[in-house]
Amino acid sequence: MASLEDLSRELLRIDGRGYKAYKDIAGRWTEDELVLSIDHVQSDPFAAPSRVRLRLPNRWPTDLWSTRTRRIALEDFVARRVARAIRREAAGRRGSGKSGRVAIDAGGQEVLERTALAIDGEGAEARLEVGLPAAGRRILGREAEAVLCDELPRIAASLLPGEEEEATAFVESVENHETLRDQLRARGLVAFVADGAILPRESGVSERPLRGAVAFRTPEALRVELAVPNPPYRIAGMGVPTGVTLVVGGGYHGKSTLLRALQRAVHPHVPGDGREAVATDPDAVKVRAEDGRRVERVDISPFIGELPGGRDTRAFSSDDASGSTSQAAAIVEAIEAGARALLLDEDTCATNFMIRDARMQALVAREDEPITPFVDRVRELWESLAVSTILVMGGSGDYFEAADTVIAMRGWEPDLVTERAREIAGARDTGRRREVASPLAAPRRRCPDPRSLDPSRGRRDVKIDTRSVSEIGFGAERLDLRAVEQLVDRSQTRAVGRALLALRERHLGAAATLADALDALEAQLDADGLESLSRHWMDLARPRRHEVAAALNRLRSLRVS
Ligand code: ADP
Ligand code: MG
């Protein structure tokens, strides 16, 4: 293997030449224990940056990466360390386009399995993007030498142990979260919010904690204490029981903030986030209305009966679903993909899907209303299908009868008011009748046609790109994922795009149901890693099956048999 000194000579040799000459530096270069692999050389300074791996021996204490969870946590921690080293050591732009830019795909507030950094028995490896410097299309050899032979080795040093106390605290916090999450079901809970958690975020566009926020206080009646393997060993907080839970309270009293914290808490959060010890069932799915979306042959008949024009709602398709039909489809799709709990917020629900009160029942005859409102199905979801619901509902008391647990938010503090809600429900009949034609059954399993997932665009067989956390270009289609709120990281979205391709090429077809194909996809990711999704795998983060399913279900080209 050639040395970094050889690389340096090579760069000076090609200084001033056309950009194509950079192709000569592809390959592996070493200095002492460092191995620098230039895997891909960009074709020009404005193209996607070059891909470089930095590898050093793994000297982290075995303890910190001995289990899958610990390894993912340590990898995430070290990726953030590398990102800080880049900010410290890399001078940044040195010429045209992306010249001189060095980047690693480190995470945000969530800790996710990601490809940017890998730790195993032998090594610790960072996968970076590097913009090879040029002036116009002329190679800036000296600048490239500074980046590759000087900055990168200094950045690589952050792969070696350091800040070990922080690393340990980070790994232990993530492991604690996983332990909290994993014992929810056995304890009959869908979610847990630790005493003292900070739930509100800095702003609508920032996931950082709100400074000066009121810390979460557990209502005595919902207090549970869960054991965790690391300090503080026991964590007290609010357990949200399985079944039907209502979150009520005045406007601006923190209902949506609580629900948003729960929907994100399917993933662990970094120390200092405020939600480190907030944990939600990993199969909890946020559903909402999303008018205009596409729906493909979903049996929404439990919620929507005969539509005007006699359309069959047992296999309902639409290119432009309404608020209520989109929400019904989202619920059925979530259950089909394996949801164990639904999270709903009145702020993003279709009113006519949620309630139909006594007066409206009197005015609009049942025959003229296709919708069976959610209030008439929510108990069956739990009793027949074992799907829990956590519903934020400050605007209607019609749900009191349906609820197992009623939590009232007041001044950002929760209180258990189930008994009081029951008394009120007993004393004041709403006068409404339950309107259900037939019992709720588990959704029919659909078999998506793999050929309908078409990743080709123009002359390219596969063209998949990710514009933001909520937009994928899949072939000729722009896939809008703004309503898929539990996608938390753009790298997850990237992986979702690649996962759709894997579904098409490997897991669908031969009459595979969507649920089976999702199982197979997860098995692939467990066995072969996220790397198996793409040749360009350096910036992927693991999505849940639910977000993959949500993306598939929104593809306008999707056809199922
Ligand atoms: P609701 O859904 O009940 O109308 P929100 O959850 O939207 O209320 O919260 C209203 C506002 O209160 C938001 O701006 C939120 O950031 C803030 N907020 C929520 N919880 C807290 C808290 N614990 N401390 C301080 N501010 C909070
Ligand atoms: Mg709200």
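Two strands pair if DSSP finds at least two bridges between them. Strand 17 (residues 284-286) and strand 20 meet that rule, with 3 bridges in the parallel sense. The model is predicted. This briefing covers two open sheets, a magnesium site, a pocket and a cavity, with notes on single residues.

**The six-stranded sheet**

- Six strands form an open sheet in the order 17-20-21-15-22-23, and the pairing is mixed.
- Strand 17 and strand 23 (413-416) are the edges, each pairing on one side only.
- From one strand to the next, the twist averages 20°.
- Strands of a sheet pair through backbone hydrogen bonds, either parallel or antiparallel.
- Between strand 17 and strand 20, Ala-284 stands opposite Ala-341.
- Strand 20 also runs parallel to strand 21, joined to it by 5 bridges.
- On that side, Ala-341 stands opposite Ser-388 of strand 21.
- Strand 21 is joined in turn to strand 15 (residues 244-249) by 4 bridges, and these two strands run parallel.
- Val-247 stands opposite Val-392 in strand 21.

**Strand 20 in detail**

- Strand 20 is mostly covered, with 5 of its 5 residues buried.
- In a regular strand the side chains alternate between the two faces of the sheet.
- Ala-341, Leu-343 and Asp-345 point one way from strand 20.
- Leu-342 and Leu-344 point the other way.
- Both sets are buried.

**The magnesium site**

- Two protein donors serve the magnesium ion (ligand 2): Ser-256 through OG and Asp-347 through OD.
- They lie 2.1 to 2.3 Å from the ion.
- Ser-256 sits in helix 5 (residues 255-264), and Asp-347 sits in the loop between strand 20 (341-345) and helix 7 (351-354), so the pair ties together parts 91 residues apart in sequence.
- Are the two donors buried or exposed? Ser-256 counts as buried because its relative accessibility is 13%, under the 20% limit.
- Asp-347 counts as exposed because its relative accessibility is 58%, over the 50% limit.

**Gly-395, across from Asp-347**

- Gly-395 is placed in the loop between strand 21 (388-392) and strand 22 (405-410).
- With a relative accessible area of 64%, Gly-395 is exposed.
- Gly-395 and Asp-347 are 48 residues apart in sequence.
- In space, their C-alpha atoms are 10.0 Å apart.

**The three-stranded sheet and helix 11**

- A second open sheet has 3 strands in the order 24-25-26, with antiparallel pairing.
- Its edges are strand 24 (464-468) and strand 26 (477-480), each pairing on one side only.
- Neighbouring strands here are turned by 20° against each other on average, direction ignored.
- Strand 24 and strand 25 (residues 471-474) run antiparallel and are joined by 4 bridges.
- Asp-465 has Gly-473 of strand 25 as its bridge partner.
- Helix 11 (residues 490-507) packs on this sheet and touches strand 24, strand 25 and strand 26.
- The direction of helix 11 makes about 155° with that of strand 24.

**The second largest pocket**

- The second largest pocket holds about 1000 Å³ of space.
- Its lining has 26 residues.
- Nearest its centre lie Ala-48, Glu-129, Arg-494, His-536 and Asp-539.
- Strand 7 (123-130), strand 24 and helix 11 each supply at least two lining residues.

**Enclosed space**

- Rolling a probe the size of a water molecule over the atoms shows where empty space is left.
- The model has 3 cavities of 30 Å³ or more.
- The largest cavity holds about 200 Å³ of space.
- Its lining has 18 residues, and the closest to its centre are Val-285, Lys-286, His-546, Ala-550 and Arg-554.
- Strand 17, helix 6 (323-336) and helix 13 (545-554) each give two or more residues to this lining.
- Which element gives the most to the lining of the largest cavity? Helix 13 does, with 6 residues.

**Thr-325 in helix 6**

- Thr-325 is placed in helix 6.
- Thr-325 counts as buried because its relative accessibility is 5%, under the 20% limit.
- Leaving aside neighbours within four places in sequence, Thr-325 is in contact with Ile-300, Ile-304 and Phe-316.
- Thr-325 and Ile-300 are 25 residues apart in sequence, and 7.5 Å apart in space from C-alpha to C-alpha.

How values were computed
Residues numbered from 1 in each chain as written. Chains lettered and ligands numbered in written order. Predicted model: local features only at pLDDT ≥ 70, side-chain atom pairs only at ≥ 80, totals over all residues. Heavy atoms only, no water. Buried < 20%, exposed > 50% of the residue type's maximum accessible area, 1.4 Å probe, protein only. Donors = N, O, S within 2.8 Å, 3.2 Å for Na, K, Ca; no water. Axes fitted to C-alpha atoms, helices over the stretch in contact; angles between N-to-C directions. Contact = heavy atoms within 4.5 Å. 1 Å grid on protein atoms, 1.4 Å probe; cavity = no way out; pocket = protein on both sides within 12 Å on 5 of 7 lines; lining within 4 Å. Points joined across faces, edges and corners; volume = space filled by probe spheres on them.
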